[in-house]
Amino acid sequence: MGFKQPFGALNLIGEAKAKSGVFVVDLGASLADSLRYIKIQLHNFGGGQFSFDHGFATEPYYTNTSLPIDTRYNFVYYNFQNQQSPLNEPTENTNWDVVFTTYKDAIYDSRGLLYPYVIRGVLINPLRIEVAQVNGMDFQQIDLAYAEQVKFTSVLDEIGYDWKAYDQNASRYAIVPKQNYLLRTKDGHIFKMRFLDFYNDQGVKGFPKMAWELLK
């Protein structure tokens with residue numbers, strides 16, 4: 001299954017009811033098959049706790065786990081191997097708008113088949129901002145009048161990773177031209193933003209450079 005969120009994170013934003021059914025979580029090829037696949041069934045949550053059943057997919061038994069919900073943070077993290085819940089978010093959800101991170105998604109390969117891939121991208125804090133992607137326009141052309149007419153979304157990975165594309169000839173990532181973003185804060189401010197580079201001055205990848213401007 002392809003969670004579009006940080007590894008091991010259970011997203012508790014705006015959810016009133018857990019998805020029904022049993023899911024299988026792949027913990028990675030470095031583990032033996034008997035330890036690699038976890039079956040998990042999510043339950044409704046209330047009273048400040050989130051509960052779920054989980055166990056190895058090769059075994060008939062399961063464990064019920066309840067995790068406390070701390071509304072100061074967007075996610076609850078859980079490690080299936082040591083059955084502990086670490087606090088991975090470095091700051092409370094009122095203190096950040098976007099995060100640059102690695103996460104796993106399902107990517108189409110050259111044959112058109114989906115496969116899991118670890119990517120570097122941008123996730124938003126939907127408690128604080130909404131995003132709209134604007135393609136095909138010069139950054140300088142985007143003004144407040146235009147920004148106030150677009151449709152914004154609070155989808156977690158709306159910015160995501162596809163603002164860059166791998167150039168096989170140059171053997172490096174290139175920024176997708178005329179791909180811009182509008183970010184609207186809960187208090188009504190609107191910023192326009194674009195990416196300039198994915199490399200630092202020494203040519204090392206993983207150091208995004210951005211430009212942004214306050215429109216309102």
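Q: What makes the link between the side chains of N74 and N93 a polar contact?
A: A polar contact is a pair of N or O atoms within 3.5 Å; within protein, one atom must be able to donate a hydrogen and the other to accept it, and residues adjacent in sequence count only if both atoms are side-chain atoms. The side chains of N74 and N93 are joined at 3.2 Å, so the pair fits the 3.5 Å limit. N74 also has a polar contact with the side chain of N125, at 2.9 Å.

Q: How do you know where these values come from, and what was counted?
A: This is a predicted model, where local features need pLDDT of at least 70 and side-chain atom pairs count only at pLDDT 80 or more, while totals for chains, interfaces and linings use all residues. Residues are numbered from 1 along each chain as its sequence is written, and side-chain values use heavy atoms, with hydrogens and water left out.

Q: Why is N74 called buried?
A: Buried means under 20% relative accessible area, exposed means over 50%, and partly exposed is in between (1.4 Å probe, protein chains only). N74 has a relative accessible area of 2%, so it goes in the buried class. You'll find N74 in the loop between β5 and β6.

Q: What makes E92 and R72 a salt bridge?
A: The rule asks for a side-chain nitrogen of Lys or Arg within 4 Å of a carboxyl oxygen of Asp or Glu. For E92 and R72 the N to O distance is 3.6 Å, so the pair passes. E92 sits in the loop between β6 (75–77) and β7 (98–108) and R72 in the loop between β5 and β6, so the pair ties together parts that are 20 residues apart in sequence. By this rule the count comes to nine salt bridges.

Q: Why are E92 and R72 described by their accessibility the way they are?
A: E92 has a relative accessible area of 29% and R72 is at 42%. Both values fall in between the two cut-offs, so both residues are called partly exposed.

Q: How do you know that K192 and E213 meet in a salt bridge?
A: Check the N to O distance: it is 3.8 Å, so the pair is inside the limit. K192 lies in strand β13 (residues 190–199) and E213 in strand β14, so this bridge ties together parts that are 21 residues apart in sequence. K192 is at 3% relative accessibility and counts as buried, whereas E213, at 38%, is partly exposed. Elsewhere, salt bridges that share partners join D70, R72 and E92 into one network.

Q: Why is the pair of W163 and F198 called edge-to-face?
A: Rings of Phe, Tyr and Trp (its six-membered ring) pair if their centres lie within 6.5 Å; planes under 30 degrees apart count as stacked, over 60 as edge-to-face and the rest as tilted. W163 and F198 are 5.8 Å apart centre to centre, with 70° between the planes, so they pair and get the edge-to-face label. W163 lies in the loop between α2 and β10 and F198 in strand β13, so the pair ties together parts that are 35 residues apart in sequence. Both W163 and F198 are buried. Ring pairs also link W163, Y166, Y173, Y181, F195, F198 and Y199 into a cluster.

Q: What makes K164 a charge that sits over the ring of W163?
A: The rule wants NZ of Lys or CZ of Arg within 6 Å of the ring centre and within 35 degrees of the ring normal. The charged end of K164 is 4.6 Å from the centre of the W163 ring, so the distance part is met. K164 also lies over the face of Y173, at 5.9 Å from the ring centre.

Q: How do you know that β2 and β3 pair?
A: Strands (E, at least two residues) are DSSP runs, numbered from the N terminus, and two of them pair if DSSP finds at least two bridges between them. Five bridges join β2 to β3 (residues 37–42), so this pair clears the bar. The two run antiparallel, and the bridge partner of F23 in β3 is I40.

Q: What makes β2 and β5 edge strands?
A: Four strands form an open sheet in the order β2-β3-β4-β5, with antiparallel pairing. β2 (22–26) and β5 (63–68) each have a single partner strand, so one side of each is left without a neighbour in the sheet.
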